[in-house]
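Q: Please take a close look at one part of this protein, the largest nonpolar core. Which residues form it, and which elements give two or more residues to it?

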Amino acid sequence: MSQKRQIIKRTSVQASPTVREEYGKLVSEIGGLLEQARRGAARAVNAILTATYWEIGRRIVEHEQEGKARAEYGEELLAHLSKDLTIKYGRGFSRRNLEQMRTFYQGWEIF
């Protein structure tokens, strides 16, 4: 039996068809609100993470530009940064991901 039928069945013990229909409509409307809120929350989180990754890339680039032997220093920096961020914040900070954040900043400068 579907979840919707189970909910309506529970409310139908002594309820008239109109009450059952109104209750079903209420459940549906609340479900719509929850789905809309979840989609909005996901969009907001994605926007915040995108801006954060761009900013991480900016800071890596600016830090690297102060190094003397930039190519060698940049590889060491990403390796150490990856290790330290992963220990402190968990997954998502592999050397490759940090390289992609740096590239993201370099390719999509915001003025």
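A: What follows sets out the whole chain, then the core, and then a patch on the surface.

The model is a predicted one. The protein has 4 helices and 0 strands, and its pattern along the sequence reads α-α-α-α. It has 111 residues, of which 18% count as buried. Its accessible surface is about 9000 Å², and carbon and sulfur atoms hold 55% of that area. Among contacts with a separation of 6 or more, 43% are between residues 24 or more positions apart.

The largest nonpolar core is made of 7 residues: Ile60, Leu77, Leu78, Leu85, Phe93, Leu98 and Met101. Two elements, α3 (70–89) and α4 (95–107), give two or more residues each to this core. The largest share, 3 residues, comes from α3. One member of the core is Leu85. Beyond its neighbours within four places in sequence, Leu85 is in contact with Gly90, Phe93 and Leu98. Of these, Phe93 and Leu98 are themselves listed in the core. In soluble globular proteins, nonpolar side chains tend to be buried together.

Nonpolar residues also appear on the surface of the protein. Tyr23, Leu26, Val27, Ile30 and Leu34 form a nonpolar patch there, and their accessible area together is about 390 Å². Ile30 lies in helix α2, which covers residues 17–64. Ile30 counts as partly exposed because its relative accessibility is 42%, a value in between the cut-offs of 20% for buried and 50% for exposed.

Technical notes:
Residues are numbered from 1 along each chain as its sequence is written. This is a predicted model: local features need pLDDT of at least 70, side-chain atom pairs count only at pLDDT 80 or more; totals for chains, interfaces and linings use all residues. Side-chain values use heavy atoms; hydrogens and water are left out. Buried means under 20% relative accessible area, exposed over 50%, partly exposed in between (1.4 Å probe, protein chains only). Contact means heavy atoms within 4.5 Å. Accessible areas come from the Shrake-Rupley method with a 1.4 Å probe; for residues, only the protein chains shown count as cover. A nonpolar core is a set of buried Ala, Val, Leu, Ile, Met, Phe, Trp, Tyr and Cys residues joined through side-chain atoms within 4.5 Å. Patches are made of residues with over 30% relative accessible area and no salt bridge: like charges are joined within 9 Å, nonpolar side chains (Val, Leu, Ile, Met, Phe, Trp, Tyr) within 5 Å. A salt bridge is a side-chain nitrogen of Lys or Arg within 4 Å of a carboxyl oxygen of Asp or Glu.
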